[in-house]
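Open the structure in your viewer and keep a selection box ready. This tour goes stop by stop.

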Amino acid sequence: MKVPESLSLAFGSEFERLISDFINQEKLLPEETSLGSNRFLSRAVIPHILKLSQLYNREDKSQASSLPAYWKDSSNPQNLRLAYFLYFMPCNLFRMASIWAELARLGFQWKPKRLHGIEFGAGPASGLCGIAAGETFASIQAPQSAQWALIEQDQAILELGSRWAQTYTQSLGKLDWGIRTFHRKIDLKRGFLPKSAPVFNLWLMSYYLNELEISPQDLAPLLLDSWQEHLEEEGLVILMEPALRLQSRKILELRKALLIELQKRKRDDFKILLPCLGHQTCGALENPDDWCHEEVTWWRPPYLRKLDSLAGLDRKSLPFSYLVVMRTRRSREEILPALKRMPENQRHRLVSPAHAEGRDLEFFTCGQDGKKRARYRTEQPIQRGDILLGSQLRGDRNASRVEGSPEVIE
Ligand SMILES: C[S@@+](CC[C@H](N)C(=O)[O-])C[C@H]1O[C@@H](n2cnc3c(N)ncnc32)[C@H](O)[C@@H]1O
């Protein structure tokens, strides 16, 4: 997925200064210069980054039950929070902003009177901050004024996140953004929100769903129940999850289950807008070993580059899986004008990198006709996430050729 340059460059030294001042104010560092201290980072931060990475990268379902306890279980909860805040928060912030930028590049415009957002499992408010960055660097003309609710089971990270969100949004000139925190553990037996909760028009879940012990088939009706009650007409839902096979397949299964549930309820007022460009059967799910994810690259904050090198990790490019759902009766082409009313069977998204095969580029595409390995002779550099408009694919799923002269939305 290509993001605007201004967004990929927005996390340089100025952002680093903001983060550094903030963690000093929060007294998360033993002394003012510690963000520059390899010794401190190696001793106090890196071990937590490695532990959390291992936990999040699990490929084993059985560990899901141990996940929600990690804020409490640590021998040094303050440094664990610091590690998450310094390392994982900016990555998820950037991922979320990139999804916003994807809406912007497809011409989406969003003009409710006021933004009324909610973030579930908010942690340090990475999702909210991602929307602020997205709207600043890839605007969809969202309202200036916003009211947010953050829901999180761990009070310390929630309060830290709320203060950070105020600091960060103000640094972007978003002065009319209000934030309320709700310290609670969501119990799915009671649904996501109580009946008395208000309606929202922006609903975020960032790296949260995979921490719930529930199957996609059971989750879909619960989500739809709450959206029917608590999502405004023309409201948006952004669900973002890790790119690993297990979690990514879960979000694909969730999409499938949502489509089945919508049909069962005869509801035509919800659309799964992205990343797929229609309500077609998922091509990746057909093969049990396959999955689907996006990837964005950015200029990491300099301190994060240092953390990467100390930890032996690499967050230069950030993979993730996602869904954008909208409550609307309007057609996808009206909502995403860049699709230009091109017939659904003539638009294909690249769902892999493209590599050269002789004079062709080879890649996997997804569209109405499923997932296909395709070749295309073009001089234009194309990459994962690009959309071919007006493309006709000839051949079978293992060997197709892109014909016509499709326009590329990159
Ligand atoms: C991986 S973190 C993601 C945090 C943040 N959304 C982000 O993208 O950086 C998942 C968060 O969900 C919270 N969480 C998990 N289960 C929860 C529940 N049942 N109720 C409330 N919060 C929950 C965890 O405490 C944790 O802070």
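The stops below run from the ligand to the strands, then to a bent helix and some backbone oddities.

**Setup.** This is a predicted model: local features need pLDDT of at least 70, side-chain atom pairs count only at pLDDT 80 or more, and totals for chains, interfaces and linings use all residues. Residues are numbered from 1 along each chain as its sequence is written.

**Stop 1: the ligand.** Select the shell around the ligand. It holds 21 residues, the closest being G121, G123, S126, Q153 and S206. A residue is near the ligand if its C-beta atom, placed from the backbone, lies within 6 Å of it. Colour the shell by class: 10 nonpolar, seven polar and four charged residues. Here Ala, Val, Leu, Ile, Met, Phe, Trp, Tyr, Cys and Pro count as nonpolar, Asp, Glu, Lys and Arg as charged, and the others, Gly among them, as polar. Now show α5 (77–105), α6 (126–137) and β2 (146–152), each supplying at least two shell residues. α5 gives the most, with three. Helices (H or I, at least four residues) and strands (E, at least two) are DSSP runs, numbered from the N terminus.

**Stop 2: strand β4.** Select residues 200–206. Seven of the seven residues of β4 are buried (20 or more other C-beta atoms within 10 Å of the residue's own; exposed means 12 or fewer, partly exposed in between; C-beta atoms are placed from the backbone). Add β1 (115–120): β1 and β4 pair in the parallel sense over four bridges (pairing needs at least two DSSP bridges). Pick F120; its bridge partner in β4 is M205. Then add β5 (231–241), which runs parallel to β4 and is joined to it by six bridges. There, L204 has I238 as its bridge partner.

**Stop 3: helix α3.** Select residues 38–56. α3 bends by about 45° at V45, and P47 follows within four residues. The bend is the angle between axes fitted to the seven residues ending there and the seven starting there. L41, A44, V45, H48 and I49 are buried in α3.

**Stop 4: the backbone.** Most residues other than glycine have a negative phi, and most peptide bonds are trans. Which peptide bond is cis? The one from L274 to P275, with omega near 0°. Next pick A125, in the loop between β1 and α6. Its phi is positive, about 65°. A125 counts as buried because it has 32 C-beta neighbours inside 10 Å. Finish at K266, in the loop between α9 (245–264) and β6. K266 also has a positive phi, about 55°. With 6 C-beta neighbours inside 10 Å, K266 counts as exposed.
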